[in-house]
Amino acid sequence: MIILSALFSSSETGMMALNKYRLKHKVKQGHKGAIKAQKLLEKPDRLLGVILLGNNFVNIFASSIATIIAMRLIGEAGIALAAGILTLVILIFSEVAPKTLAALYPEKIAYPAAYVLEPLLKIFSPLVWFINFIANGFLRIFGVKVMQHDQDQHALSKEELQTLINEATGRLPKHYRSMLSGIMQLETITVEDVMIPKQDIYGIDVNEPLDKIVKRILKSPFTRIPVYRDNMDDELIGIINLRKMLPILTKPNLTLKDIIKATRPGYFIPETTTLNIQLSKFNKHKRHMALIVDEYGNLQGLLTLEDLLEEIVGKFSTDNREKVFNTIQTHKDGSITFDASEFIRDVNKTYQFDLPTDGPKTLNGLIQEELETLPMVGTCLKIGNYTIEVVETSNHAIEKIKLKEVDPTQRFK
């Protein structure tokens, strides 16, 4: 009876401790034990009913036998002794030990147990149904709704899935976890968060001399270049593809008209577009570059397919922002000197900081929003868990800042 009690106890814990997603995977692979276990778990009230029916029966039966043996050997005084010894034996060998084992190795216990529990459930189905009917009716008195197994109750929310990815240490390489997290965040990040600001766009002004235009095209670090007249905001002519442009540049009688003719109309998108939507639009329109405008139609920046994909796979090329990022200086006191035009999201991602990103996009904007003025050199302020000192300024902006994390342990709380 003690052995049977241990089997029922371990099967209960093993069944309930099964990883639902690993179970589904095993079922898809055709594992017979997993198929039976999943079928039993579809109606957990009936599964628990047959397990507890068997467990309580063998425990009570064992107690009855122990009482009879004790009375015959010792007399009435043996009843208390038998109850005490049996309680200890059942607790250790039929409850704690088997349930601990099942919690540690649920699959090794649950899958074989499913072969036994399935026929037992069929045999005692009427009795189990009656027990569950009374138990569920009792729960309804207290307003508890007893429903059958819902297939969607194990569906993960976005936050839960993110936690699952973060905790997949050892089973999933760090690079893959980072990629999955990047995909998860695409629907919350807008194009404004990752764009190249207007002042950093590498473009060509057609009012410049032709030889300077050709020289600028040949020296371009990018394959697609915006072409404009005087001001990019007022008259953007289009975008030239360097690969298609190079054969044209070899023409003996090259003219400005040839360059303008090779341009393709610009593709404009609003600054509030999320990255997941823009990724599908890039694919739909067969474009690799988009110009970002605000609600008034003013040009704010530029986004390339490469910038978008880097949010998933990380940096795989050297762009202007990465060159700026390489000028960062780390000091002995733990502080770091940043270019104030650096994007807050890039700083957070690289150094695992948690500077606020729901407002301004750059360190310069964050400081000016906090102080509501253009600060002088030497100005210090505290934002969250970080102290920031203004190191260098210009007439219109902060150029360099020194940032130090007050308590690094706070980021993990």
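Lys 251 is partly exposed in this predicted model. Its relative accessible area is 40%. Lys 251 forms a salt bridge with Asp 258, and the closest N and O atoms are 3.5 Å apart. Asp 258, by contrast, is buried, at a relative accessible area of 17%. The cut-off for a buried residue is under 20%.

A search of the whole structure returned 9 salt bridges. One of them joins Lys 99 and Glu 12, with 3.9 Å between the closest N and O atoms. Lys 99 belongs to helix α5 and Glu 12 to helix α1, so this pair ties together parts that lie 87 residues apart in sequence. Lys 99 is partly exposed, with a relative accessible area of 27%. Glu 12 has a relative accessibility of 18% and therefore counts as buried. Glu 95 is also involved: Glu 12, Glu 95 and Lys 99 are linked in a network of salt bridges.

Another salt bridge brings together the side chains of Arg 22 and Glu 107, at 3.8 Å from N to O. This pair, too, links distant parts of the chain. Arg 22 sits in helix α2 (residues 20-28) and Glu 107 in helix α6 (residues 106-123), 85 residues apart. Arg 22 is partly exposed, at 37% relative accessibility. Glu 107 is partly exposed as well, with a relative accessible area of 22%.

The surface also carries a nonpolar patch. Its residues together have about 1200 Å² of accessible area. Helices α1 (2-17), α4 (44-73) and α5 (77-104) each supply at least two residues of the patch. Helix α4 gives the most, with 5 residues. Among the patch members are Ile 3, Leu 4, Phe 57, Phe 61, Leu 81 and Ile 85. Met 1 is a member too, and lies in the segment before α1. Met 1 is partly exposed, with a relative accessible area of 35%. That value fits the patch rule, because patches are made of residues with over 30% relative accessible area and no salt bridge.

Internal space was examined next. The count came to 2 cavities of 30 Å³ or more. The second largest cavity has a volume of about 40 Å³. Asp 193, Phe 343, Ile 344, Arg 345, Thr 357, Pro 360 and Lys 361 line this second largest cavity. By residue type, its lining divides into 3 nonpolar, 1 polar and 3 charged residues.

Note on methods: Residues are numbered from 1 along each chain as its sequence is written. This is a predicted model: local features need pLDDT of at least 70, side-chain atom pairs count only at pLDDT 80 or more; totals for chains, interfaces and linings use all residues. Side-chain values use heavy atoms; hydrogens and water are left out. On a 1 Å grid over the protein atoms alone, a cavity is a set of points where a 1.4 Å probe fits but cannot get out, and a pocket is an open set with protein on both sides within 12 Å along at least five of seven lines; lining residues have an atom within 4 Å of a point. Grid points are joined across faces, edges and corners, and a volume is the space filled by probe spheres set on the points. Ala, Val, Leu, Ile, Met, Phe, Trp, Tyr, Cys and Pro count as nonpolar, Asp, Glu, Lys and Arg as charged, and the others, Gly among them, as polar. Patches are made of residues with over 30% relative accessible area and no salt bridge: like charges are joined within 9 Å, nonpolar side chains (Val, Leu, Ile, Met, Phe, Trp, Tyr) within 5 Å. Accessible areas come from the Shrake-Rupley method with a 1.4 Å probe; for residues, only the protein chains shown count as cover. A salt bridge is a side-chain nitrogen of Lys or Arg within 4 Å of a carboxyl oxygen of Asp or Glu. Helices (H or I, at least four residues) and strands (E, at least two) are DSSP runs, numbered from the N terminus. Buried means under 20% relative accessible area, exposed over 50%, partly exposed in between (1.4 Å probe, protein chains only).
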